[in-house]
Amino acid sequence: MEFFGRSASMKHYAALLLCLPIIAMAEESSKPEPRRYEGVLSVGYVYGGEKLPDTQVATNGVATIRAGSGFLVSGGGTWKFSPKLALQGTIGYQFHGVNHSSGSAYVKRYPLEIVPFFYPSEKLRVGAGWRHNFNIEYDARYNQSSSIDFGSSDGLVVQLGYQLNPDVWLHLRYVKEEFSSAEYSYYEKQYTQPSVDASNIGFTLSHTF
């Protein structure tokens, strides 16, 4: 009887061992696959660049606009080729404006950014890529001057990202770029704005989905 009891126990033990790989495979298959493509929405603020003309004097104190400063919002997607490499593309809107009792002034543009990322770890990534600005426009209405159309420009963007949670990244970023304008009219005279350094540094919060 003792032999048969041991034999039954051994059979149960062997059956359990056979089931373990099946259980492990079921658990593995139930885990979601890592997303190869992610949508991304970002918001942030950047500061820098040269002061633009005709915005120095305001009714109360001094108001200035720098070519690189402003709020930045963007959207796009990230394609992960591997756990270590990804490519992100976004299109955005960058705006900086000031107001006072005699008028307002602003500078705006629509930046396109293509940035390859390298992931040294799961929560850290670093990237450097191309930035192209569309429709760069400066409007200094303090003295009723006409707007300056800087056209478009190309630059370099560098980003260092830290993952705050699985769907949120905090990025420190640096952009190197400059603007050059076509001729513009001011009090019925034609002028050409010299090249303006619009380089800036700032941060963005990015939500992936």
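In this predicted model, N165 stands opposite V168 of strand β7. These two residues belong to a pairing in which β6 and β7 run antiparallel and are joined by nine bridges. The connection between β6 and β7 is a hairpin that passes through two residues. Strand β7 also has a partner in β12, which spans residues 200-208. Here too the sense is antiparallel, with eight bridges between β7 and β12. Within this second pairing, L172 has F203 of β12 as its bridge partner.

With its pairings in place, β7 can be read residue by residue. In a regular strand, side chains alternate between the two faces of the sheet. Strand β7 covers residues 168-176, and its covered face is made up of W169, H171, R173 and V175. The uncovered face of β7 carries V168, L170, L172, Y174 and K176. V168, the residue opposite N165, is thus found on the uncovered face, and so is L172, the partner of F203.

Two residues of the covered face, W169 and V175, lead to the nonpolar interior. Both are included in a core of seven residues, together with A86 and V157 among its members. This core is the second one and is separate from the largest, which has 14 residues. In the largest core, the residues with the most contacts inside it are L52, I65, A67, Y138, F150 and F179. Three elements each give two or more residues to the largest core: β4 (103-121), β5 (124-140) and β6 (148-165). Strand β5 provides the largest share, three residues.

Charged side chains add another layer to the picture. The whole structure contains four salt bridges, and a network of such contacts links R109, E113, R131, R173 and E177. R173 of this network comes from the covered face of β7.

E177 is a good place to start following the network. Its side chain meets that of R109 in a salt bridge, at 3.6 Å from N to O. Because E177 lies in the loop between β7 and β8 (178-179) and R109 in strand β4, this pair ties together parts that are 68 residues apart in sequence. Both E177 and R109 are buried; for E177, the relative accessibility is 4%. E177 also meets R131 in a salt bridge, with an N to O distance of 3.1 Å. This contact links distant parts of the chain, as R131 is in strand β5 and E177 in the loop between β7 and β8, 46 residues apart.

R131 in turn forms a salt bridge with E113, whose closest N and O atoms are 2.7 Å apart. With E113 in strand β4 and R131 in strand β5, the pair ties together parts that are 18 residues apart in sequence. Both partners are shielded: E113 counts as buried at 6% relative accessibility, and R131 counts as buried at 0%.

One further residue of β5 deserves a look for its backbone. Most residues other than glycine have a negative phi. N135, which is not a glycine, nevertheless has a positive phi of about 50°. N135 is placed in strand β5 and is exposed, with a relative accessible area of 53%. Strand β5 therefore holds both the exposed N135 and R131, which is buried at 0% relative accessibility.

Definitions and conventions. Residues are numbered from 1 along each chain as its sequence is written. This is a predicted model: local features need pLDDT of at least 70, side-chain atom pairs count only at pLDDT 80 or more; totals for chains, interfaces and linings use all residues. Side-chain values use heavy atoms; hydrogens and water are left out. A nonpolar core is a set of buried Ala, Val, Leu, Ile, Met, Phe, Trp, Tyr and Cys residues joined through side-chain atoms within 4.5 Å. Buried means under 20% relative accessible area, exposed over 50%, partly exposed in between (1.4 Å probe, protein chains only). Helices (H or I, at least four residues) and strands (E, at least two) are DSSP runs, numbered from the N terminus. Two strands pair if DSSP finds at least two bridges between them.
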